[in-house]
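User: Could you take a close look at the strands of this model and how they are paired, and then place them among the parts around them? I am in my first year, so please go slowly and connect each step to the one before.

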Amino acid sequence: MAYGDVGVELGARVAGALRRGLGVEITPAEAVIRPSTRPGADYQCNAAMALAKKLGTPPRQVAQAIVDNLDSADLVAGTEVAGPGFVNLKLSDGWLAARAAALLADDRLGVDSAAEPRRFALDYSSPNVAKEMHVGHLRSSIIGDAVLRLLRFAGHEVTPHNHLGDWGTPFGMLIEHLVDEGWTPGGGHTISDLNGFYQAARVKFDADPAFADRARARVVRLQSGDEPTLALWQQLVDESTRHFEGVYATLGIQLTRDDLYGESFYNPLLDDTVSDLEGKGLTRVSDGAVCVFPPGFTNREGEPLPLIVRKSDGGYGYAATDLATVRYWAGERGMTDLLYVVGTPQAQHFAMVFAASRQAGYLTDGHTAVHIGFGSILGEDGKTIRTRAGGSVKLAELLAEAVDNAAKIVAERSAQDAAAQAEVARAVGIGAVKYADLSNDREKDYVFTWSRMLATEGNTSVYLQYANARCHSVLTKSGTTPDPATEVLLGTEQERALALALVRLPAAVDAAVAGYAPHKLCAYLFEAATTFTAFYDACPILKEDVPAELRASRLALVAATSRVLTLGLGLLGIEAPHVL
Ligand code: ARG
């Protein structure tokens, strides 16, 4: 049984108090309940100040009315009006203890499932064929996958789609290069180095006019659906996909071949989309190109900015394809929310695509369309990350290095055999790369630092994984499995603080889901793990002189902590090994 966020519950109680005391109606959210760090308060209600203005009553008087009329003896042990009109609320130990124990009986650990589930289409990863995935695709893959897990856990329907860059003029030269390399339709060929392959094709295209002519002719054949050309193109797509799948497998990214909706998928829909825009009178020809000018976008001179839907040579580009994605997912597939996990440099592109889609009626009031943007990964010199040799970082190498670095840390501490250590090193290394990414506000750039991301203290996945492994170790040594009927005792400050931290999981998940903001869940998990560490250091559990009921209570808290950490890491796509 999920019971949701305590803050929402408190908000409902405050709303009741205001109805009874002052005859005003507010929603639980308008009660503005926030966690408090003041001594003697777990939460505070900040509603009185705004209400005072509306009612023409002094804020402290409104606050006092809340306190006087609060019907919450079961939930709240103490209230106090503070400062200009804050209401401090302290939860009752009995309630807190019961709820902490109840966590053990709830698969969802208190997190509510959406009352009105929505239908999300989620564009993420989206690398380009015949090129290595770069760190931007790494971020999109990691963030997108966490968003997918969070939304699904919150009870929504999510359809992921991988917008492969698999169409357009470069494919002429790439296919001609395949032919030169002896590829034949149907032959089982492989490419070991995608970037090398692309560069070789490019060099020939620039240096050899005959090759360039062949490449141009090949694009025409590809566009017109020539079978042998399509067969070669398909092999190139398959071979690139094989490389991407390698990265997904290493990272535990859930995308599969069924989720491929590359640019080529939308190609047959482009004619119709552009005619539709033309028919609605939304297009204008500018410098020979068919453009839409969504309202609110101007250049520095104040002139309207074009979104080019058909180029002057008759070809379609990136914008036309994305208008087709909106039309397809919202229209054809009936999705309510369209999400695109793509770097912030494309913010304006998406803003314009969404605005044009609203004009065209592809998006209505019932739809949301969100560009889930993210910043760059910087090297320790503050510049875009590079390898030691100065080249762009290859993802596979970066991930292998993460696992190698983790293996050293694991070897220092672990008593397990080599195979088990290797498995743990993988979970730790890959987790560190993902967590370093997810724990930062995604809009911001962040500096990629091995030492920091693999530090065993601080806001890292290793720290969370260690805390969880410690829980498992204690539980294993105890030889018992705590159950929800255990009476939880909150005799010390650290036990109470831990119980409070554990029951705050629902609020953290809700916030991460609402803002597509995994870092909010990370911040919560770090807080919970820190609170657990303080508890573990202060409260003996298995020592002989600990009375049986106290030991059982503390073991229940340990078990609940482990459940919270494991669920939280899982929502981020990070493993939580029992032994580290
Ligand atoms: N392939 C593009 C790139 O590498 C990203 C595509 C993002 N998705 C989209 N619908 N535009 O930059």
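Analyst: In this predicted model, strand 3, which covers residues 76-82, and strand 4, which covers residues 86-91, are paired in the antiparallel sense through six bridges. One pair to look for is V76, which has L91 of strand 4 standing opposite. The two strands form a hairpin with three residues between them, and in the turn G83 has a positive phi of about 55°. Both strands fall in a part of the chain that a record also describes, for an unreviewed UniProt entry places the feature "domain: Arginyl tRNA synthetase N-terminal" at residues 8-91. Over residues 8-91 the chain is 42% helix and 23% strand, and the C-alpha atoms at the two ends are 13 Å apart.

A second hairpin can be followed in the same manner, beginning with the sheet that holds it. Three strands make up an open sheet in the order 7-8-9, and their pairing is antiparallel. Strand 7 (283-286) and strand 9 (307-310) are the edge strands, each of them pairing on one side only. On average, neighbouring strands of this sheet are turned by 45° against each other, with direction ignored. Strand 7 is joined by four bridges to strand 8, residues 289-292, and these two run antiparallel. Among the bridge partners, V285 is matched with V290 in strand 8, while T283 is matched with V292 in strand 8. The hairpin of strand 7 and strand 8 has two residues between the strands, and D287 takes a positive phi near 50° there. Helix 10, residues 263-279, lies across strand 7, strand 8 and strand 9, and runs at about 120° to strand 9.

The next sheet is paired in the parallel sense: four strands form an open sheet in the order 6-5-10-11. Strand 6 (157-161) and strand 11 (368-372) stand at its edges with a single partner strand each, so one side of each is left without a neighbour in the sheet. Neighbouring strands here are turned by 15° against each other on average, direction again ignored. Within this sheet, strand 10, residues 337-341, pairs with strand 11 in the parallel sense over five bridges, and L338 stands opposite A369 in strand 11. Helix 5, residues 135-153, packs on the sheet and touches strand 5 (119-123), strand 6, strand 10 and strand 11, its direction making about 150° with that of strand 10.

From this sheet we can turn to the ligand. Which residues are around the ligand? They are D123, S126, N128, H163, G165, D322, T325, Y340 and V342. Here D123 belongs to the stretch given for strand 5, and Y340 belongs to the stretch given for strand 10. By class, the shell around the ligand divides into two nonpolar, five polar and two charged residues. N128 also falls in a stretch named in a record, since UniProt, in an unreviewed entry, lists residues 127-137 as "short sequence motif: 'HIGH' region". The C-alpha atoms at the ends of residues 127-137 lie 6 Å apart, and the span is 27% helix and 0% strand.

Finally, the chain can be viewed through its assigned domains, which are domain 1 (6-91), domain 2 (170-255) and domain 3 (461-571). Strand 3 and strand 4, with which we began, lie within the bounds of domain 1. The C-alpha centres of domain 1 and domain 3 lie 29 Å apart, and four residues of domain 1 are in contact with four residues of domain 3. The side of domain 1 that touches domain 3 has two nonpolar, one polar and one charged residues by class. For the stretch at residues 464-580, UniProt places the feature "domain: DALR anticodon binding", again in an unreviewed entry. This span is 68% helix and 0% strand, with its end C-alpha atoms 11 Å apart.

Definitions and conventions. Residues are numbered from 1 along each chain as its sequence is written. This is a predicted model: local features need pLDDT of at least 70, side-chain atom pairs count only at pLDDT 80 or more; totals for chains, interfaces and linings use all residues. A residue is near a molecule or strand if its C-beta atom, placed from the backbone, lies within 6 Å of it. Ala, Val, Leu, Ile, Met, Phe, Trp, Tyr, Cys and Pro count as nonpolar, Asp, Glu, Lys and Arg as charged, and the others, Gly among them, as polar. UniProt positions are given in the numbering used here, feature names are shortened, and annotations may be inferred rather than shown by experiment. Two strands pair if DSSP finds at least two bridges between them. Axes are lines fitted to C-alpha atoms, for helices over the stretch in contact, and angles run from 0 to 180 degrees between N-to-C directions. Two residues are in contact if their C-beta atoms, placed from the backbone, lie within 7 Å. Domain bounds come from an automatic or database domain assignment.
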